[in-house]
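Reader: Please take me through one part of this model and how it sits in the rest. I am a first-year student, so short sentences would help.

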Amino acid sequence: MIDPSPYRSVAVASTFSPRFEQVLAEAKRIRDRFDSELCLVYVGEKSEETSAKFAAALERISLPKNSPIHYEQGDPATAILRAIERHDIDLIVAGALEKEVVLHPFLGNVARRLLREGRSSVILFTHPAREPEPLRKIVFLVEYSEHGSNSLRRALHLAARENSERVYVVRLITTFDEARAKKEGTPAEADEDAKLEHFVLDLGHTDVPIEVRCIRGNTGFAAADFVKSVEADLLVVPLDPAKNAGQLPPNLEWLMDVIPCNLWVSR
């Protein structure tokens with residue numbers, strides 16, 4: 001199956017934090033899966049010291065020493081968003097977490113703003129590893145649109161390259177969605193299962209086993225609960241930038257409160 005719109009350019013939002021090399025290793029993995037060009041975005045001054053640090057890190061991760069490094073100044077989130085625009089970056093890779101309290105992960109400020117305001121796709125790794133863990137189980141949150149179909153194809157491309165065990169294609173139906181459908185006189189919820197089946201069948205042959213599920217709950221947190229229940233390694237959320245410029249839609253605001261695993265927002 002051919003990916004309809006591959007990522008040409010992948011960037012890693014880099015700082016010299018304790019997890020820098022782990023995030024860089026994850027970015028390399030994503031670069032390899034999409035056959036993309038990889039660059040680095042660094043917020044700070046270019047100096048002999050930073051150049052030497054980057055050269056050493058790139059060598060340790062077996063990346064080209066001449067990998068492009070884009071230096072930006074100012075507030076980290078604003079600077080990274082500016083670099084994405086300036087260099088036409090398709091996908092930004094970053095670490096997700098600021099801290100964890102009683103197993104509840106909190107998104108860092110940079111991650112939050114990349115999710116809300118970025119025009120590129122974003123992959124956030126909750127526990128980046130120097131030797132990246134396989135993405136065995138992937139959950140895809142369905143959006144019925146051309147953008148949603150393309151995003152699913154892209155997710156299946158990654159799953160095939162990762163030799164994933166299963167991709168769960170999930171439709172989240174909240175009580176708000178059901179009330180709105182009833183008011184608008186749209187088909188009964190039983191038809192939602194058939195609609196989801198057709199959405200997947202329209203893709204044709206896939207190289208990874210797919211399981212379709214309609215999940216019903218009072219809020220979007222039902223999706224997070226499902227992700228945890230199947231012990232997913234990656235949650236994929238398609239987000240059409242033409243419809244959601246500069247913000248997350250109301251039904252996805254829960255991502256600001258809890259990130260159940262590695263997260264890929266596909267724009």
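Author: In this predicted model, strand β2, helix α2 and strand β3 build a right-handed β-α-β unit. The helix of the unit covers residues 48-60.

Take the two strands. Strand β2 spans residues 37-43, and its pairing with β3 is parallel, with four bridges. Across from Y71 of β3 stands Y42.

Now look along β3 itself, residues 69-72. Its side chains alternate between two faces. H70 and E72 point to one face, and both are buried. I69 and Y71 point to the other face, and they are not buried.

Next comes the loop between α2 and β3, where S67 has its place. Is S67 buried or exposed? The relative accessible area of S67 is 10%. Buried means under 20%. So S67 counts as buried, at 10%. What does its side chain reach? It reaches the backbone oxygen of P64, at 2.7 Å. Set aside the neighbours of S67 within four places in sequence, and its contacts are L38, L40 and L58.

Step back to the sheet. It is open and holds 10 strands, with mixed pairing. The order is β3-β2-β1-β4-β7-β12-β11-β8-β9-β10. β3 stands at one edge and β10 (210-217) at another, each with a single partner strand, so one side of each has no neighbour in the sheet. On average, neighbouring strands are turned by 20° against each other, direction ignored.

A helix also packs on this sheet: α1, residues 20-34. It touches β1 (9-14), β2, β4 (91-95), β7 and β12. The direction of α1 makes about 150° with that of β2.

Two of the strands that α1 touches, β7 and β12, are joined to each other. β7 covers residues 121-125 and β12 covers residues 262-266. They run antiparallel, with three bridges. I123 has W264 in β12 as its bridge partner.

Last, helix α5, residues 146-162. From first C-alpha to last, its 17 residues reach 24 Å, close to the 24 Å expected at 1.5 Å a residue. How many of its residues are buried? The count is 12 of 17, so α5 is mostly covered, given that buried means under 20% relative accessible area. Among the buried residues are H147, R154, H157 and E162. Small ones are on the list too, including G148 and A155. Just after α5, N163 takes a positive phi of about 55°.

Key
Residues numbered from 1 in each chain as written. Predicted model: local features only at pLDDT ≥ 70, side-chain atom pairs only at ≥ 80, totals over all residues. Heavy atoms only, no water. Buried < 20%, exposed > 50% of the residue type's maximum accessible area, 1.4 Å probe, protein only. Pairing = 2+ DSSP bridges. Right-handed = clockwise from strand over helix to strand, strands pointing away. Expected span 1.5 Å × (residues − 1). Axes fitted to C-alpha atoms, helices over the stretch in contact; angles between N-to-C directions. Contact = heavy atoms within 4.5 Å. Polar contact = N/O pair within 3.5 Å; in protein donor to acceptor, adjacent residues only side chain to side chain.
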